[in-house]
Amino acid sequence: MLLTALEFAGLVAFAASGALAAVRARLDVFGVVVVGLTTALGGGIIRDVLLGIHPPTSLRNWPYLAVCAVTALVVFAFHPQVARLRHAVLLADAVGLGVFATAGTTLALNAGATGYAACLIGMTSGIGGGALRDLLLREIPLVLRKEIYAMAALTGAVCVWVGHALSLPAGAVTTVSAAVVVAIRVLTLWRHWNAPVARPPEERSL
Amino acid sequence: MLLTALEFAGLVAFAASGALAAVRARLDVFGVVVVGLTTALGGGIIRDVLLGIHPPTSLRNWPYLAVCAVTALVVFAFHPQVARLRHAVLLADAVGLGVFATAGTTLALNAGATGYAACLIGMTSGIGGGALRDLLLREIPLVLRKEIYAMAALTGAVCVWVGHALSLPAGAVTTVSAAVVVAIRVLTLWRHWNAPVARPPEERSL
Amino acid sequence: MLLTALEFAGLVAFAASGALAAVRARLDVFGVVVVGLTTALGGGIIRDVLLGIHPPTSLRNWPYLAVCAVTALVVFAFHPQVARLRHAVLLADAVGLGVFATAGTTLALNAGATGYAACLIGMTSGIGGGALRDLLLREIPLVLRKEIYAMAALTGAVCVWVGHALSLPAGAVTTVSAAVVVAIRVLTLWRHWNAPVARPPEERSL
């Protein structure tokens, strides 16, 4: 139950993140809905394909798609001023990342995957939707940009794995782990913590 | 039989659409063939992966690939004047979209998917090949641009579902539904019907 | 055994190719690792999805990921002067292409795929990782650019098929076939052999 509620919170967050990015890219209402759906459902579909769940869960149960489509339409109708969009997209994206990475790990563990595989599949289902969104809108994916991103998802997935190994209740473990991911993302965005970039070779030759 | 004939018509249309777009992007003969194959076979491979059909149908039967490769080579050799290319790509794309969305829905229904899942998988197999083509050529996918696109595919998929529920003959239902999709696409392109775009936030603050 | 050694050589080559391309694109250390991993593991994951192997091999066995991550970090730390990068990326890419195309074909044949399907799946697992790398970095994929690329992978796959049909030892067949692919790539790059491009329509009207 708690897990389902969390998953729908993640769907809303990612659908909003995709729709806001699409509005910023000046797409029409259908494009906004398509990008919102792809962002929200993409990670879960990749997860189901990797786990061999056919057809993917989100394509068999209409509430998944309905929630995402309504979210995208609401964003289209009431999208906030342009100055706020950048932060709103990043926050919604952080929540979606946290929920999908941790819920994906839990689901993979329940489906019988080993802890190692479950963490990777969870991380992938967290970063997959956002990567598809950025590919569709022809931006360099967030996951490759400056702030810690895939590592945040992986940290959340490992938290779930540890909690699972300790036999803690799955709902609580997933919620706390998702919060850890959001905290890491917000912290790195707020403090502008960046990972090191390779020194440009030109400077070396000086 | 009729279904197979339709599917091959869709393959030719999508292979031509991909090859024409690749010629316009100044790719060499191999690039043209690869984009043609990806456009024509991509949607069906995505469909088979979502339905759990291993390995995908088009990778097991050589006529699929042969038809697409020959189409791409013919397009490469005899591609029309540049002024006509834009319309030719869009028309071939509409036919491919219609055939794949409706044939994909029929195939998913036959594979035992529920009507809801079958419509989504059909729509995906319709828009998948073209989206891959546009991603490879670094264009914003047609499916996100101004004209009604994914909705046309979904309309065709729903027509198939209704026909299937009424136990009408599958071949006729698929053909008519594909024609509906092509008609919607041609109509929207001809009349320049566009879906609404979100008002830019800058104008609101005036 | 030989097959496993070959596969790890391919992983190192593709991880280095992805990491070098990411360093050239000025990504940070995490971006470099993510692109390295995607390039190295992407083709094999696509192969496993097409063959219905769940979860994909490389997500179940930690040495795959560890080798790729270490390679990417080494490249990040010691990447050579910018003038050499272009050639290094292309050579590493050729080795990865050869190994994955041929090892993928062998694996598909062992998994019971027909020769035709095995060649296509092998070719796909060879070109898949590099195509993902180029999509992530927003370059037109190498596979679509001027030099013979997909045909080299396909040639290697067909060599494996022939060797398999003649019941030659799998390890030797794969090694020799991979060398054939690398030789074709190096030769075409060195001699600047290019496939023909369609004459621009503008020139025709003169």
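Start with chain A and follow the chain from its N terminus: the elements run α-α-α-α-α-α-α-α-α. That makes nine helices and zero strands in chain A. Keep in mind as you click around that this is a predicted model.

**Stop 1: chain A as a whole**

Colour chain A by accessibility. Of its 206 residues, 57% count as buried. Now turn on contacts between residues at least 6 apart in sequence: 76% of those in chain A join residues at least 24 apart.

Next, paint on the record. UniProt, in an unreviewed entry, lists "transmembrane region" for residues 61-78, 90-109, 115-136, 148-166 and 172-190 of chain A. How do two of these spans look in the model? Select residues 90-109 of chain A: the span is 100% helix and 0% strand, with its end C-alpha atoms 28 Å apart. Then select residues 172-190 of chain A, where the chain is again 100% helix and 0% strand and the end C-alpha atoms lie 27 Å apart.

**Stop 2: D93(A)**

Stay in chain A and select D93(A), which sits in helix α5 (residues 82-110). Is D93(A) buried or exposed? D93(A) has 0% relative accessibility, so it counts as buried. Which side chain does the side chain of D93(A) make a polar contact with? Show Y149(A): the two side chains are in polar contact at 2.7 Å. To see the rest of the surroundings, add F14(A), S17(A), R133(A) and L142(A), which D93(A) touches along with Y149(A), leaving out residues up to four places away in sequence.

**Stop 3: R24(A) and the cis bond in chain A**

Go back to helix α1 (residues 2-24) of chain A and pick R24(A). With 33% relative accessibility, R24(A) counts as partly exposed. Measure across to H79(A): the pair is 55 residues apart in sequence, while their C-alpha atoms are 9.6 Å apart in space.

Now move to the loop between α2 (29-51) and α3 (57-60) of chain A, where you'll find P55(A). Look at the peptide bond leading into P55(A) from H54(A): that bond is cis, with omega near -20°. Jump to chain B and check H54(B) to P55(B), a peptide bond that is also cis, with omega near -20°. P55(B) lies in the loop between α2 and α3 of chain B.

**Stop 4: the core**

Select the largest nonpolar core, which has 171 residues. Which members touch the most others? They are L41(A), L97(A), L41(B), L144(B) and L97(C). Zoom in on L41(A). Setting aside neighbours within four places in sequence, L41(A) is in contact with L11(A), S58(A), Y64(A), L65(A) and C68(A).

**Stop 5: helix α4 of chain B**

Select residues 62-78 of chain B, which form helix α4. Its 17 residues should span 24 Å at 1.5 Å a residue, and the end C-alpha atoms are 24 Å apart, so the two agree. Show the buried residues of α4(B): Y64(B), L65(B), C68(B), A69(B), T71(B), A72(B), V75(B) and F76(B). Why do they end up on the same side of α4(B)? Because they cover an arc of only 160° around the axis. As background, an α-helix has 3.6 residues a turn, so residues three or four places apart point the same way.

Rotate to the face turned away from the buried side, and you'll meet the exposed residues W62(B), V70(B) and F78(B). What do the buried residues of α4(B) pack against? Display α1 (2-24), α2 (29-51) and α3 (57-60) of chain B, plus α6 (115-136) of chain C.

**Stop 6: helix α7 of chain B and some positive phi values**

Select residues 150-165 of chain B, helix α7. From first C-alpha to last, its 16 residues reach 22 Å, close to the 22 Å expected at 1.5 Å a residue. The buried residues in α7(B) are A150(B), A152(B), A153(B), G156(B), A157(B), V160(B) and G163(B). After α7(B) comes S167(B), with a positive phi near 60°.

Over in chain C, S167(C) has a positive phi near 60° and is a residue other than glycine. S167(C) lies in the loop between α7 (150-165) and α8 (170-190) of chain C, and it is exposed, with a relative accessible area of 62%.

For the last click, return to chain B and select R26(B), in the loop between α1 and α2. R26(B) has a positive phi of about 65° although it is not a glycine. At 47% relative accessibility, R26(B) counts as partly exposed.

Definitions and conventions: Residues are numbered from 1 along each chain as its sequence is written. Chains are lettered from A and ligands numbered from 1 in the order in which they are written. This is a predicted model: local features need pLDDT of at least 70, side-chain atom pairs count only at pLDDT 80 or more; totals for chains, interfaces and linings use all residues. Side-chain values use heavy atoms; hydrogens and water are left out. A nonpolar core is a set of buried Ala, Val, Leu, Ile, Met, Phe, Trp, Tyr and Cys residues joined through side-chain atoms within 4.5 Å. Buried means under 20% relative accessible area, exposed over 50%, partly exposed in between (1.4 Å probe, protein chains only). Contact means heavy atoms within 4.5 Å. UniProt positions are given in the numbering used here, feature names are shortened, and annotations may be inferred rather than shown by experiment. Helices (H or I, at least four residues) and strands (E, at least two) are DSSP runs, numbered from the N terminus. The expected span of a helix is 1.5 Å times one less than its number of residues. The arc is that of the directions from the helix axis to the C-beta atoms. A polar contact is a pair of N or O atoms within 3.5 Å; within protein, one must be able to donate a hydrogen and the other to accept it, and residues adjacent in sequence count only if both atoms are side-chain atoms.
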